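Let's walk through this one piece by piece, with the viewer open beside the text. Keep a finger on the residue selector.

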Protein chains: 4
Amino acid sequence: MAVATADGGIVLGGSADVGFSIQSISKVFGLTLALGKVGDELWKRVGREPSGTAFNSIVQLEQEAGIPRNPFINAGAIVVTDVNLGGYRPREALGELLRFVRYLAEDETIAIDDEVARSEAQTGFRNIALANYMRSFGNLVHPVELVLGTYFHQCAIAMTCRQLALAGRYLMLDGCHPDGGRVVPERRARRINALMLTCGHYDASGDFAFRVGMPGKSGVGGGILAIVPGSASIAVWSPGLNENGNSKLGSLALERLAEATGWSVFSARLQPAR
Amino acid sequence: MAVATADGGIVLGGSADVGFSIQSISKVFGLTLALGKVGDELWKRVGREPSGTAFNSIVQLEQEAGIPRNPFINAGAIVVTDVNLGGYRPREALGELLRFVRYLAEDETIAIDDEVARSEAQTGFRNIALANYMRSFGNLVHPVELVLGTYFHQCAIAMTCRQLALAGRYLMLDGCHPDGGRVVPERRARRINALMLTCGHYDASGDFAFRVGMPGKSGVGGGILAIVPGSASIAVWSPGLNENGNSKLGSLALERLAEATGWSVFSARLQPAR
Amino acid sequence: MAVATADGGIVLGGSADVGFSIQSISKVFGLTLALGKVGDELWKRVGREPSGTAFNSIVQLEQEAGIPRNPFINAGAIVVTDVNLGGYRPREALGELLRFVRYLAEDETIAIDDEVARSEAQTGFRNIALANYMRSFGNLVHPVELVLGTYFHQCAIAMTCRQLALAGRYLMLDGCHPDGGRVVPERRARRINALMLTCGHYDASGDFAFRVGMPGKSGVGGGILAIVPGSASIAVWSPGLNENGNSKLGSLALERLAEATGWSVFSARLQPAR
Amino acid sequence: MAVATADGGIVLGGSADVGFSIQSISKVFGLTLALGKVGDELWKRVGREPSGTAFNSIVQLEQEAGIPRNPFINAGAIVVTDVNLGGYRPREALGELLRFVRYLAEDETIAIDDEVARSEAQTGFRNIALANYMRSFGNLVHPVELVLGTYFHQCAIAMTCRQLALAGRYLMLDGCHPDGGRVVPERRARRINALMLTCGHYDASGDFAFRVGMPGKSGVGGGILAIVPGSASIAVWSPGLNENGNSKLGSLALERLAEATGWSVFSARLQPAR
């Protein structure tokens, strides 16, 4: 676990400097970039409601004409990747994303694990299905192969808990980089946090909000990024997953941390700053 | 609109002393009572995930064997009512609920509008269907007529914005009554807030979290109760509804209030109290 | 088993004179009466497609605005009962149906088993749900209690295999009673047969058509009525049900009979009469 | 229209010698071949129930773990194509299918329209999605590209009404070729007819059975193959489609033909041959 606090400190525990595949946590950074490119136009192509279904469900797409419920289920993240590709080749789009994450974490060593990306590309039949399905509704602009190639590589970014906690600080700081620069407008930072809280854990998002009470985004690699606005950016990593595909021990660790610190957005102990 | 603040003040605007039917907002008070009676046992009979469907959908019930997704859709609130009936007659259960709401609001004049309750009972075919459907799965203990009779009367509680904002203060104060008494444990208050944020506006809960950023519960009568933990308990009322069955102007007023004050749980301006 | 043939004979086997509750098989007679009353207007309120779902599913009703898929699932039969009630009290409507069945079977002893009807009425929560649900869409005209009371009594008609096979002869004879009278127009008889083939066994209708190849209607009491147009009206009864709620041995007996006789509507051995 | 009768005659009307793309009608021939290869093993990978949904729906696949409802919806036909590929290259599998259809129709000129196949391959995003989706459940053995390439070419077989009516004769003759050879066992011919009746027109199969009363299979090119066991094999073609994707005038022509001739499998006029 790594906890970056609003006063600039960082607290590490366990294997906080061991790298892992951030997988779906990358959807947070991808979404942030896409909103910077097209703003609220994005919401014509992706919804912002909890899906009530699993991370790779295709049912909802059929019922809602190819518009994914939110940007944190796979279908939604694939559309976001399509937006980020606009005008670029995959390599360029991935370069932009990597530069963005490195800037956020102030760490130039962050990289993509090509082997992980390749193994995804070979077995991701469900994601190929989702992408072609949305393409059939006209909700993908670029060729499916390019979008998915980019998507698989984005998911294969390798980071440590330390790097991830540092990269999430802009969501703790109302959209500002700790160096004072503005990463996103204040309102957008709040909104990304809101989406993480309502949609960040697939069909267990309600349970995570209920037990932990922090905006969070999980990845199938066992990582979770959780934000306490004004207080902390937290990364945990533990590979064992629960039945909803979220880190089992990671969730538990965050629940205990929230109990101990009062770091729940639903707690009165979080009060307006003077 | 009425805003009760953590320091004990109250700010009123518009027709804050005109009564209206709180309808589904009553589900918050019913849930609080039921958790006091059976605690976490409740979650064996009701889920706590966003439904992804409309407030009166029956599809999810069939797919999940009669277990409603959360206590704030109609089916879930009917199960909660069944819990609150335990060992009581409807009149007694309603009396207990009314006493609870009066205690929260410190106002003995709050009452049920019998005429509203009767009109519900005559036209609520969809709710009768939901209740019988859950009964067929064994998820209702009492006779359907008694449960629904109680439910329709609970929804027919009439309150003003002032009364409603006052009644919501325990959720702003980590479970305490302003008189210092504990209404619910701190953790339970946080969890009710979490449920309001993820499930309080039916299939527009994500949008409300995105735009407003406060735990809230809407009613078809045009009212919304919104909570800013540590800061404010807010009631708004405006009868015109949007396509999701939530107050159109009420949502907008709360969105502007959140912008103006920073009262979003996703904002860094809400920081830990020292 | 009882087999009534087109030449006026009847062959009996096993307990062909033991009465049983015909249950959903009564939907065939109810549909025939309703078409006589309102003709093709019926299809504005009920579809004629296989449902793809279980006999008591409510999902399809929500997706299709209260219009049941076909008259042989419970929801569809409840609408048909509502049509048959038109202008009558339940007792009168049931009297009409009984007279119709007695006329078809040429047997005045056929009666309703009141005890069976009462037990249905006490436990049929799912059917109460279906009826109220359709009422909420305006697809029931009469009060739910009256419609369901009539429906439960209709399902409780007790018949023997002999009586049932005799009652089905009009569907074997292109709509004529063996006494020469016309029960329904020829085209309507064909169409009722078509509905029995595509929808008569709930979500196992395709399998029954595949294995047996006769229009048929099953009941949860273990009975099946099967028609070979121009050749035979067959009733079987065996209480053990398979996972789709159809008589297990009854289906098997019909499959073997079809093999032995060539009595499949899909067989070339059935050729145009000269 | 072309009508091949059991006595060896053929009646032609309109543009019966103009070729068109048979599209989904090819699923009948593909299914016949696959059953010859793997027999009832096929039913472990494909169901035989009406789907209750559109021809290209993916919802049912998710709910039923990648097993298509029947071999006549797209997903089912893609699995059938995968079976037919077994041990062959696409060109060989297509050659086998072409030889089979030419043998049935006794016409060596029948061919695949490569241009049609190519245009399908370029725009069939929905079918690519279906195939990858099933692959993700392990219900496709061969690479998706090979299966779909074969499938698109199979659908692009061009035939005239005359050729199609001739090719369908084995289903009229209990599985025999008019030359006396056995194409499929009698029981299998009946079963293919049963599947055509219950599933041959997507979510309008019930309506086609109701109005026409013949086993039939439609194609998006405007063709329909309909079978009257023992009596006729009929092909109609008219490009205008109704809302369910079936030939509008073609269906009407068959309905009128059935009225005029009594050629409904639900009519008593079809009686056992002596």
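Start by selecting D:Ile157 and asking what lies around it. Leaving out residues up to four places away in sequence, D:Ile157 touches D:Phe20, D:Ser21, D:Ile22, D:Leu97, D:Ile110, D:Ala111 and D:Ile112. Bear in mind that this is a predicted model, and every value here is computed from it. One of those contacts deserves a closer look: D:Ala111 sits 46 residues away from D:Ile157 along the chain, yet their C-alpha atoms are separated by 5.8 Å. Is D:Ile157 buried or exposed? With a relative accessible area of 1%, D:Ile157 is buried, since the cut-off for that label is under 20%.

The secondary structure gives those contacts a setting. D:Ile157 belongs to strand S5 of chain D, residues 157–159. That strand is part of an open, antiparallel sheet of three strands, ordered S3-S5-S4 in chain D. At the edges are S3 (20–21) and S4 (111–112) of chain D, each pairing on one side only. Between S3(D) and S5(D) there are two bridges, again in the antiparallel sense, and D:Phe20 has D:Met159 of S5(D) as its bridge partner.

Stay in chain D and move to strand S8, residues 232–237. Five of its six residues are buried, so S8(D) is largely enclosed by the rest of the structure. Which strands pair with S8(D)? One is S1 of chain D (residues 2–5), which runs antiparallel to S8(D) and is joined to it by four bridges. In that pairing D:Ala4 is matched with D:Ser233. Another is S7 of chain D (residues 223–228), also antiparallel, this time with six bridges; here D:Ile224 stands opposite D:Val236. S7(D) and S8(D) make a hairpin with three residues between them, and D:Gly230 in the turn has a positive phi of about 85 degrees.

Now hop over to chain C and pick up strand S7 there, residues 223–228. Six of the six residues of S7(C) are buried, so the rest of the structure largely encloses this strand. In a regular strand, side chains alternate between the two faces of the sheet. Look along S7(C) with that in mind: C:Gly223, C:Leu225 and C:Ile227 point one way, C:Ile224, C:Ala226 and C:Val228 point the other way, and all are buried.

S7(C) has pairing partners to check too. Strand S6 of chain C (residues 216–218) pairs with S7(C) in the antiparallel sense over three bridges, and C:Lys217 has C:Leu225 as its bridge partner. The hairpin of S6(C) and S7(C) has four residues between the strands, with C:Gly222 at a positive phi near 100 degrees. S7(C) also pairs with strand S8 of chain C (residues 232–237), antiparallel over six bridges, and C:Val228 stands opposite C:Ala232. In the hairpin of S7(C) and S8(C), with three residues between the strands, C:Gly230 takes a positive phi near 85 degrees.

For a spot where chains C and D come together, select D:Thr198 in helix H10 of chain D (residues 186–199). D:Thr198 counts as buried, at 1% relative accessibility. Its contacts, leaving aside neighbours within four places in sequence, are C:Leu197, C:Gly206, C:Ala209, D:Pro50 and D:Ser205.

Next, some helix packing in chain A. Two packed helices are described by the angle between their axes and the distance between the axes. For H3 (residues 74–85) and H6 (residues 125–136) of chain A, the angle is about 65 degrees and the axes are 10 Å apart. The crossing of H3(A) and H6(A) is right-handed. Where they meet, H3(A) brings A:Asn74, A:Ala75, A:Ile78 and A:Val79, and H6(A) brings A:Asn127, A:Leu130, A:Ala131 and A:Met134. By class, that contact has six nonpolar, two polar and no charged residues.

Finally, zoom out to whole chains. A turn of 180 degrees with a shift of 0.0 Å along the axis lays chain A on chain B, with an RMSD of 0.0 Å. That is the relation of a two-fold axis. The same surface serves both copies, as 100% of the contact residues of chain A recur in chain B.

Technical notes:
Residues numbered from 1 in each chain as written. Chains lettered and ligands numbered in written order. Predicted model: local features only at pLDDT ≥ 70, side-chain atom pairs only at ≥ 80, totals over all residues. Heavy atoms only, no water. Axes fitted to C-alpha atoms, helices over the stretch in contact; angles between N-to-C directions. Left-handed = near helix turned anticlockwise from the far one by under 90°. Contact = heavy atoms within 4.5 Å. Nonpolar A, V, L, I, M, F, W, Y, C, P; charged D, E, K, R; others polar. Least-squares fit on C-alpha atoms with pLDDT ≥ 70 in both. Buried < 20%, exposed > 50% of the residue type's maximum accessible area, 1.4 Å probe, protein only. Pairing = 2+ DSSP bridges.
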